[in-house]
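Reader: I would like a close look at a single part of this model, worked through with care and set against the parts that surround it. Please keep to what can be computed from the atoms.

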Amino acid sequence: MGMGKDLAEKYPIARHTFEETDEALGVKLSRLCFEGPEDQLRLTENTQPAILTVSVAAWRMLDEKGIRPTFLAGHSLGEYSAHVAAGTISFADAVRTVRNRGKYMQEAVPVGTGSMAAILGISPEAVSTVCSDAAQGEVCEPANINSPEQIVISGHTAAVERAAKLADEHGAKRAKVLSVSAPFHCSLMQPAQERLATDLQALRFSTPTTPVICNVDAAPVTAADAARDALVRQVTGSVKWNQSMQWLIAQGVQTFVEVGPGKVLCGLMRQIDRAKKCSNVEDDASLKKTVEYVAGQSA
């Protein structure tokens, strides 16, 4: 709890970001972020706009301090924050869209029908094989290719459980079914993708001012229509995070800054390339640390 509270209390631009969210949604999401209750905040239609708001607030703080990215990328929901930062879509439109995105994903599959599992320690190729072998006429697909050693799979509950068991037999360090509310980033999300496509079609997209590396292709998006299309395909497509980071590293990127709650992406970067520095911004202390670090890099 208290998500983003520290930044909102100390910085007007962060407070203003939360106020914009409340206005865009017509509900006090800021109160939910700062005070809870936790079970309400955990509902995906609240979680998604809450994470987006904290991420955009953190990005605006960095921007205000003159820290500008060469490239932008976001993991799943984070691709929306990246497009807000790139000026592709307005913040208010993004907040409303991700709230619906959460709702559509939740409603796409009856509770208990689908699940996800994290598989650690076997190659992406081995995971694909495990998914095909476990499917048996059901859906079982790689959903998040997070790092060379961490892949999350998604699909029908029984198929995902079969895949986790097979992964163990293939020598995975760990294969664990996750407690998630729906099987994200697989073909079971098709109904959500269709509903979201209608919403995105109605929004105004601009040319990104900074290239955004999209999840589905692990390639830069530099045009408005391509940005919209990538966000649509992302609902059923897998998040190619490992490939996206490898692409950025190949361009010579040395410093990565994660904005928003938690340090999950910094953790993944350690698995992708330990030599790269990753800093995060989620509260006042981490903001100061990151600003100091980036200033030192460019000095």
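Author: What follows is an account of one helix, α8, and of the strands around it. The model is a predicted one, and the values below should be read with that in mind.

Helix α8 covers residues 124-135, and its length can be checked against a simple expectation: at 1.5 Å a residue, its twelve residues should span 16 Å, and the C-alpha atoms at its ends are indeed 16 Å apart, which agrees. Its buried residues are A126, V127, V130, C131, A134 and A135. Viewed down the axis of α8, these buried residues fall within an arc of 170 degrees, so they line one face of the helix. On the face turned away from that buried side, α8 carries the exposed residues E125 and S132. After the helix comes Q136, whose phi is positive, near 45 degrees.

The buried residues of α8 pack against β2 (114-120), β3, β4 (150-156) and α9 (157-169). Two of the residues of this region, C131 and A134, belong to a core of 18 residues that also includes I122 and C140. This core is separate from the largest nonpolar core, which has 56 residues and draws its largest share, seven residues, from helix α7 (residues 91-108).

Among the packing partners, β2 is largely enclosed by the rest of the structure, because six of its seven residues are buried. Strand β2 runs antiparallel to β4, to which seven bridges join it, and within that pairing I119 stands opposite I151 in β4. Strand β2 is also joined by five bridges to β5 (residues 174-178), again in an antiparallel arrangement, where M116 stands opposite L178.

Strand β3 (residues 140-147), another partner of α8, contains S147, a residue that is buried because its relative accessible area is 0%, where the cut-off is under 20%. A polar atom of the S147 side chain lies 3.1 Å from the backbone nitrogen of Q150. Leaving aside neighbours within four places in sequence, S147 is in contact with N242, L268, Q271 and I272. S147 also lies 9.0 Å from M245, C-alpha to C-alpha, although 98 residues separate the two in sequence.

Terms used
Residues numbered from 1 in each chain as written. Predicted model: local features only at pLDDT ≥ 70, side-chain atom pairs only at ≥ 80, totals over all residues. Heavy atoms only, no water. Core = buried A, V, L, I, M, F, W, Y, C linked by side-chain atoms within 4.5 Å. Buried < 20%, exposed > 50% of the residue type's maximum accessible area, 1.4 Å probe, protein only. Helix = DSSP H or I, 4+ residues; strand = E, 2+ residues; numbered from the N terminus. Contact = heavy atoms within 4.5 Å. Polar contact = N/O pair within 3.5 Å; in protein donor to acceptor, adjacent residues only side chain to side chain. Expected span 1.5 Å × (residues − 1). Arc of directions from axis to C-beta. Pairing = 2+ DSSP bridges.
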